[in-house]
Amino acid sequence: MRTHRCGELSRRHVGQTVTLNGWVQRRRDHGNVIFIDVRDRQGLTQIVFNPEISPAAHQQAHVLRGEFVVAVTGTVALRPEGSANPNLATGEIEVLVKTVEILNDARTPPFLIEDEGEVTEALRLKYRYLDLRRPKMQRLLRLRHEVMQQARSFLNGQDFLEVETPMLTKSTPEGARDYLVPSRVNPGCFYALPQSPQLFKQILMVSGIDRYYQIARCFRDEDLRNDRQPEFTQIDLELSFIDREQVMVLMEQMIRLVFQTTAGVELPAPFPRMAYAEAMGRYGSDKPDLRFGMPLHDLQDFASKTEFKVFRETLAKGGIVKAIVVKGGVEISRSRIDALGETAKGFGAKGLAWVKIVGAGQLESVIAKFLDARSLLAAVPDAQTGDLLLFVADKPKVVYDVLGRLRLLLAEERNLIDQKAWRPLWVVDFPMLEYDEALKRYVAIHHPFTAPLDEDLPLLETDPLKVRAKAYDLVMNGSELGGGSIRIHRREVQSQVFDLLGIGKEEAASKFGFLLEALEYGAPPHGGIAFGLDRLIMLLGGADSIRDVIAFPKTQRAQCPMTDAPSHVGPEQLKDLSIKLDLIE
RNA sequence: GGGGCCGUCGUUCAGCCUGGUUUAGGACGCCAGAUUGUCAAUCUGGAGGUCGCGGGUUCAAAUCCCGUCGGCCCCGCCA
């Protein structure tokens, strides 16, 4: 079989007799001389069939077709003067074939195995094994492997133990919808596939594992998106006897190493930090994209003094007024601004006020007569002649959300994003709870095991919404790479939080009883974090869909076009599981 | 649950708005022949499509209407 890979031969090998195995990429038949590119994971090598070297092999070359699997043996030779191919790693040499063996033939593939020319994704997924032969997909799979290896090797070096946790586990309240698995030996009972190994990794801390990690598959039965699959992978870890500062410092090292070794990207040290309140106030997002400016400007003072009724009434009702500055935005047409207004309404705003600064102290706007140019420009020092200001007045949550999203949309539209920049950011001091109007109760922003800041502990009883958590998210270029927290390690605090979340004693006992009990047996202070591996690969590899970084992903309807999963099962299988179907039309 | 875009030879795209001039066209691929230096080889010739599916309007439907299936994007959802 093979002596070399298709990407490794160079002028060093000239004169050697080698055997290559691989797939026929392309055949160029010149009559007497036939060229074939043989491809494997490593690359391409041009092999030459010449009747003067081997009439038999030359004869056989006529039947070779794309994607045939071959073994070729021949001599490595320098290509003739002027015929080297500088675009090919092996372009200086070629293999003069003595013998060729067809290891397998192949049907004509439904699409070409090359990066050029996009093919419908449905077709790619049906023939995923062919799609994965394409260099782009090979590169992404390799990148994924390398990221995992770098993370593993870093964590191993830091004395972490890789421990596997169950896939068949217990359904938990809160969070996403669970994937359920019926239990045959316990009729009527169901396992849930883990949404994350959260509870187990905390238990492992109680077990004295001290430092745990796992490249963990997680399952969430929610609707899919461009960056969301029903099963995805986390680099999941947990540490004992640490505080959040130590976690962040350690994780920065890991992320910096991964970026450096797998993508050659040097990230700043240390990563900047930002409190949640500042992220929301300045960027309208808890995962701000720092590759461009366009911050939100606070207009409380200005709005309180203006004649514009909408602003004043919003303030009177406890709302806020903020604005973003679109540099050079006077050129934006009225119809485009109206469309932005519709977009803003789609995001939940009641409306979008706008002002064009057409000259020194000169405003152009339907509301210009209510506004004093001088005090507006004083309130928004960024704004200059030629700029467009967009205002939203509403409850804080709406203002942040709408302006935050407009900020991203406009940055994209106006090409303000530095595509080469890498801007990591730790977002810290998240609120622990928010109030869910629909459920009429508090819900955990991170999860119910997140510890409150020590100094905010008393607020748990007096003003729970003011309580900040020992949580941290790592954000890169506006997407969340990972998040974690220091956990509650004392039973009484955990019970208090469950009370606030409206999780009764009985429910807590039946759902998390094992964790609560474990906390009573000497649980060490602990905390951890989980990184979304798929999204990390997307960022590093420049992939525009999560499906491109997963070998066998699902379509938007959570189906696999290759295997046709999920599928119906026979009555015997259902009977074994004590399941009767009641399909709703 | 909701909104949007898309579906035409193996692939990809045009044609659709404004129904008939289309025997549904181009490129890539495929097949055959030619070809001794190509590497997205080239040249010549050829095969290949019930226009996703069903129904309707019409003298006439790829084209207009309704429904349906599938793909993608987004909102909701994703502690």
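What share of the contacts in chain A with a separation of 6 or more comes from residues 24 or more positions apart? In this predicted model, such residues account for 67% of those contacts.

## The chain as a whole

Chain A is built with 17 helices and 22 strands, and its C-alpha trace spans about 95 × 70 × 55 Å along the principal axes. Of its 585 residues, 48% are buried, while the accessible surface comes to about 29400 Å², with 50% of that area belonging to carbon and sulfur atoms.

## The nonpolar cores

The largest nonpolar core has 76 residues, and the ones with the most contacts inside it are Ile-235, Leu-237, Met-251 and Met-254. Looking at Met-254 and leaving aside its neighbours within four places in sequence, one finds it in contact with Ala-151, Phe-154, Leu-155, Ile-235, Leu-237 and Phe-531. A second core, separate from this one, has 26 residues, including Met-294, Ile-320, Val-398 and Leu-410.

Ile-320 also appears beside Thr-314, a residue of helix α9, which covers residues 309-316. Once neighbours within four places in sequence are left aside, Thr-314 is in contact with Gly-319, Ile-320, Ala-393 and Asp-394. Thr-314 counts as buried because its relative accessibility is 11%, and the cut-off for buried is under 20%.

## A covered helix and a buried glutamine

Helix α16, made of residues 533-541, is mostly covered, since seven of its nine residues are buried. Those buried residues are Leu-533, Asp-534, Leu-536, Ile-537, Met-538, Leu-540 and Gly-541, and they pack against the helices α4 (135-157) and α6 (244-263) as well as the strands β9 (211-219), β10 (231-240), β21 (479-486) and β22 (526-532). After α16 comes Gly-542, which has a positive phi near 65 degrees.

Strand β9, one of the elements against which α16 packs, is also the place of Gln-214. Why does Gln-214 count as buried? Gln-214 does so because its relative accessibility is 8%. Its side chain is joined by polar contacts to the side chains of Thr-165, at 3.0 Å, and Tyr-212, at 2.8 Å. Leaving aside neighbours within four places in sequence, Gln-214 is in contact with several residues, among them Glu-162, Val-163, Pro-197, Gln-234 and Ile-235.

## The surface near RNA strand B

Around RNA strand B there are 48 residues, of which Arg-26, Glu-52, Ser-83, Thr-120 and His-446 come nearest. The residues of this surface divide into 12 nonpolar, 17 polar and 19 charged. Of the strand's atoms within 4 Å of the protein, 50% belong to sugar or phosphate, and the rest belong to bases. The table lists three side chains with an N or O atom beside an atom of RNA strand B.

| Residue | Atom of RNA strand B | Distance |
|---|---|---|
| Arg-65 | phosphate oxygen | 2.7 Å |
| Arg-79 | base nitrogen | 2.5 Å |
| Asn-226 | phosphate oxygen | 2.9 Å |

Turning to secondary structure, the elements that give two or more residues to the surface near RNA strand B are β1 (17-29), β2 (34-40) and α2 (121-126). Which element gives the most to this surface? That element is β1, with three residues.

Key
Residues are numbered from 1 along each chain as its sequence is written. Chains are lettered from A and ligands numbered from 1 in the order in which they are written. This is a predicted model: local features need pLDDT of at least 70, side-chain atom pairs count only at pLDDT 80 or more; totals for chains, interfaces and linings use all residues. Side-chain values use heavy atoms; hydrogens and water are left out. A residue is near a molecule or strand if one of its heavy atoms lies within 4 Å of it. A polar contact is a pair of N or O atoms within 3.5 Å; within protein, one must be able to donate a hydrogen and the other to accept it, and residues adjacent in sequence count only if both atoms are side-chain atoms. Helices (H or I, at least four residues) and strands (E, at least two) are DSSP runs, numbered from the N terminus. Ala, Val, Leu, Ile, Met, Phe, Trp, Tyr, Cys and Pro count as nonpolar, Asp, Glu, Lys and Arg as charged, and the others, Gly among them, as polar. Buried means under 20% relative accessible area, exposed over 50%, partly exposed in between (1.4 Å probe, protein chains only). Contact means heavy atoms within 4.5 Å. A nonpolar core is a set of buried Ala, Val, Leu, Ile, Met, Phe, Trp, Tyr and Cys residues joined through side-chain atoms within 4.5 Å. Accessible areas come from the Shrake-Rupley method with a 1.4 Å probe; for residues, only the protein chains shown count as cover.
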